[in-house]
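I opened this notebook page to look up a metal site and the pockets of one model, and I wanted each point written down as I checked it.

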Amino acid sequence: MYDLNEDTITDAVLARFAETPDRRLKLLVQALVRHLHGFVRETEPTFEEWRVAIDFLTRTGQMCSDVRQEFILLSDVLGVSMLVDAINHRQPEGATETTVLGPFHVVGAPQPAHGADISAGLPGEKLLVEGTVVAASGEPVSGAVVEVWSADQDGFYDVQRSDLDGSALRATFRADQAGRFHFWTLMPAHYPIPADGPVGDLLGATARHPYRPAHVHFMISAAGHEQLVTHIFAEGSPYLDSDAVFGVKSSLIQPFEPKPPGATPDGRVLDQPWRHLVRRFGLKAAGTSKLAKAS
Ligand code: BEZ
Ligand code: FE
């Protein structure tokens, strides 16, 4: 196999992978070769452009650490994360829609009691979140593990703030017998995704902004059900129609209702206006997602 040229090299490379024992790996690697060669044929890069592309990927890898995953961010801003999510959640009616996990989830967040204030003394407008977790049948899912996290009024997650000792605006709850949970947090702000690395350079060079609309993250897990990874977006937030990572779905946008000072549903009395988010989360039975075709 020599004297290969631009018309014959793709088939030669595909043939080199023909004996891959694992069928799925063979499909993936051959599709990668076909699409990559197609990209090069379409764009006809110069050596300098190819060097810049390799350098971009190198810098993307070098930006990764225990607390930063620049390749996921790249997948997010290219819409690939949401495409993979969509393919893996061709879901039945009734289930809450999914969206990206994002880089700010922390395993093992504190487990305060129902009704706790998880704002750790940070300033901002108080937000009462009341949720109910239900199965596809409509039955409550008691004992569901509900992880929540969100940004503060300046658009920062606790893990981005060096002035904070412990965690803030994140927690893990267990839904009660009726599938319910509730807690106090702060009204989140819209915020930029981390833009000080190669992904930020890409956004800048392509005249794209890095912002995400205001949202609260939820990850809900229960035996016998698929894990739900989603956000609820604040109606009226800037950037709902131009989320940097393409994660907004209209079913996930709702009012974070403004409330006047006074008594709250859980028996507090607040001397400041506050917000109220009430939401039902529908889980799918395990194994009911239509997954990507295997071949
Ligand atoms: C987030 O919502 O936390 C997020 C998602 C994708 C990229 C960056 C941040
Ligand atoms: Fe977020």
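The entries below go through the metal site and then the pockets.

**Entry 1, the model.** I am working with a predicted model, and I read every value below as computed from it.

**Entry 2, the iron site.** Which residues coordinate the iron ion (ligand 2)? I found Y157 and Y191, each through its OH, together with H215 and H217, each through NE2, at 1.9 to 2.2 Å. I then looked at the geometry, and the angles among the six donor atoms of the iron ion (ligand 2) run from 54 to 165°, so the site is classed as irregular. For that class I kept in mind that six donors count as octahedral if opposite donors are over 155 degrees apart and all others lie between 65 and 115.

**Entry 3, the donors along the chain.** I noted the spacing of the donor residues of the iron ion (ligand 2) as Y-x33-Y-x23-H-x1-H. The pair Y157 and Y191 links distant parts of the chain, 34 residues apart, with Y157 in the loop between β2 (145-150) and β3 (170-174) and Y191 in strand β5 (residues 191-192).

**Entry 4, burial of the tyrosines.** Are Y157 and Y191 buried or exposed? Y157 has 0% relative accessibility and therefore counts as buried, and Y191 counts as buried because its relative accessibility is 3%; the cut-off I applied is under 20%.

**Entry 5, the largest pocket.** I recorded a volume of about 750 Å³ for the largest pocket. Its lining holds 20 residues, and those that lie nearest the centre are F39, A53, F56, L57 and L78. The elements that give two or more residues to this lining are α2 (23-43), α3 (47-62) and α6 (198-205), and α3 supplies the largest share, nine residues. By class I listed 15 nonpolar, one polar and four charged residues in the lining of the largest pocket. I also noted that domain 1 (9-74) and domain 2 (93-283) each contribute at least three residues to that lining.

**Entry 6, the second largest pocket.** The second largest pocket holds about 440 Å³ of space, and of the 18 residues that line it, V67, R68, Q69, P103 and F104 are the closest to its centre. Its lining divides into nine nonpolar, five polar and four charged residues. Where does the second largest pocket lie with respect to domain 1 (9-74) and domain 2 (93-283)? I placed it between the two, because both domains give residues to its lining.

How values were computed: Residues numbered from 1 in each chain as written. Chains lettered and ligands numbered in written order. Predicted model: local features only at pLDDT ≥ 70, side-chain atom pairs only at ≥ 80, totals over all residues. Heavy atoms only, no water. Donors = N, O, S within 2.8 Å, 3.2 Å for Na, K, Ca; no water. Tetrahedral: all angles 85-135°; square planar, octahedral: opposite > 155°, others 65-115°. Helix = DSSP H or I, 4+ residues; strand = E, 2+ residues; numbered from the N terminus. Buried < 20%, exposed > 50% of the residue type's maximum accessible area, 1.4 Å probe, protein only. 1 Å grid on protein atoms, 1.4 Å probe; cavity = no way out; pocket = protein on both sides within 12 Å on 5 of 7 lines; lining within 4 Å. Points joined across faces, edges and corners; volume = space filled by probe spheres on them. Nonpolar A, V, L, I, M, F, W, Y, C, P; charged D, E, K, R; others polar. Domains from an automatic or database assignment.
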